[in-house]
Amino acid sequence: MNALATAAPAAPGSATVTPDTTAAGVTAEATTGSATAATGTTPVPASLALRTKLAPTAPVLRAATAALWRPDGLRPRYVRYLAAMHPLVRASVPLLLRAAERCAERPDDPAARLLAAYFLRHAEEERDHDAWLLDDLAAAGAGPAAVPHPIAVELAGAQYYRIEHEHPVALLGYIAVLEGHAPGPRLADHLAGATGLPEAAFRTLREHAELDGGHLDDLYRVLDALAPAPARQTAVAVNALHTANLLTRLFLSLAEHPGGPR
């Protein structure tokens, strides 16, 4: 469960795109439309409904990641990117474990057992990935940020609210966006060549280029098996759209200022 940028580097002169998904627009988009197929009788799989709602966010997020990886100032920007990702990745396992705990507190919820098992399994898959980022930073001659990037804090903090005050199923929307933007298989090689940093500074990107596609498939299988009620599907979708918006803002912030936000 990692927010690792995936887009290819932007061509010279490419424009930076500002996200336009406001909180009101996110909620409206997530709650419009029908949960049935064209016949009006066959339910649409929950994973397909989520992918459909997320599709409009993809071009904006791709533009933000392209701006992030543009050639000028790339070396210091990559190091700052690693530092910004560290607190976000560090939050992954605690979030998953807390979501599993909240599921265990719902013995009358028929979906809770399946959901808790998924969260516990995924927590083991994500364990120690924050240490990879620390190793990458050390190889790049840097360390973690003294103060976490505020948008990274907002991304993780919103999940605690949704787990505690909505329903743990909402966390699936967050995971879907992060796993759905895994690094491309050639991104680490490109960045290593463009920055001149040692190969050891790119372990996290390389590992997640291999891992995250399978993680996303697993999430969609679980989501379809859960077949959430419409209200819970809305909770997943709203969180996914909110996450896509925040992730775009984070990448644009890093792209605009090589040293991070002012």
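## Surface and core

In this predicted model, the protein exposes about 11500 Å². Carbon and sulfur atoms supply 58% of that area. As for the inside, buried residues make up 50% of the 262 residues.

## The fold

If you go looking for strands, you'll find zero, but there are twelve helices. Reading from the N terminus, the elements simply run α-α-α-α-α-α-α-α-α-α-α-α.

How do the contacts spread along the sequence? Take the contacts between residues at least 6 apart in sequence: 86% of them join residues at least 24 apart.

## Salt bridges

The count of salt bridges comes to 15. Some of them link up into a network made of Arg98, Glu101, Arg102, Glu105 and Glu164.

Glu105 is a good place to start looking. Its side chain meets that of Arg98 in a salt bridge, at 3.8 Å from N to O. Glu105 also forms a salt bridge with Arg102, where the closest N and O atoms are 2.5 Å apart. How covered up are these residues? Arg102 is buried, with a relative accessible area of 17%. Arg98 counts as partly exposed at 22% relative accessibility, and Glu105 is partly exposed too, at 45%.

## A pair on helix H11

Another salt bridge joins the side chains of Glu207 and Arg203, at 3.4 Å from N to O. Both residues belong to helix H11 (residues 203-226), and because they are four residues apart there, about one helical turn separates them. Glu207 is partly exposed, with a relative accessible area of 25%, and Arg203 is partly exposed at 36%.

Conventions
Residues are numbered from 1 along each chain as its sequence is written. This is a predicted model: local features need pLDDT of at least 70, side-chain atom pairs count only at pLDDT 80 or more; totals for chains, interfaces and linings use all residues. Side-chain values use heavy atoms; hydrogens and water are left out. Helices (H or I, at least four residues) and strands (E, at least two) are DSSP runs, numbered from the N terminus. Buried means under 20% relative accessible area, exposed over 50%, partly exposed in between (1.4 Å probe, protein chains only). Contact means heavy atoms within 4.5 Å. Accessible areas come from the Shrake-Rupley method with a 1.4 Å probe; for residues, only the protein chains shown count as cover. A salt bridge is a side-chain nitrogen of Lys or Arg within 4 Å of a carboxyl oxygen of Asp or Glu.
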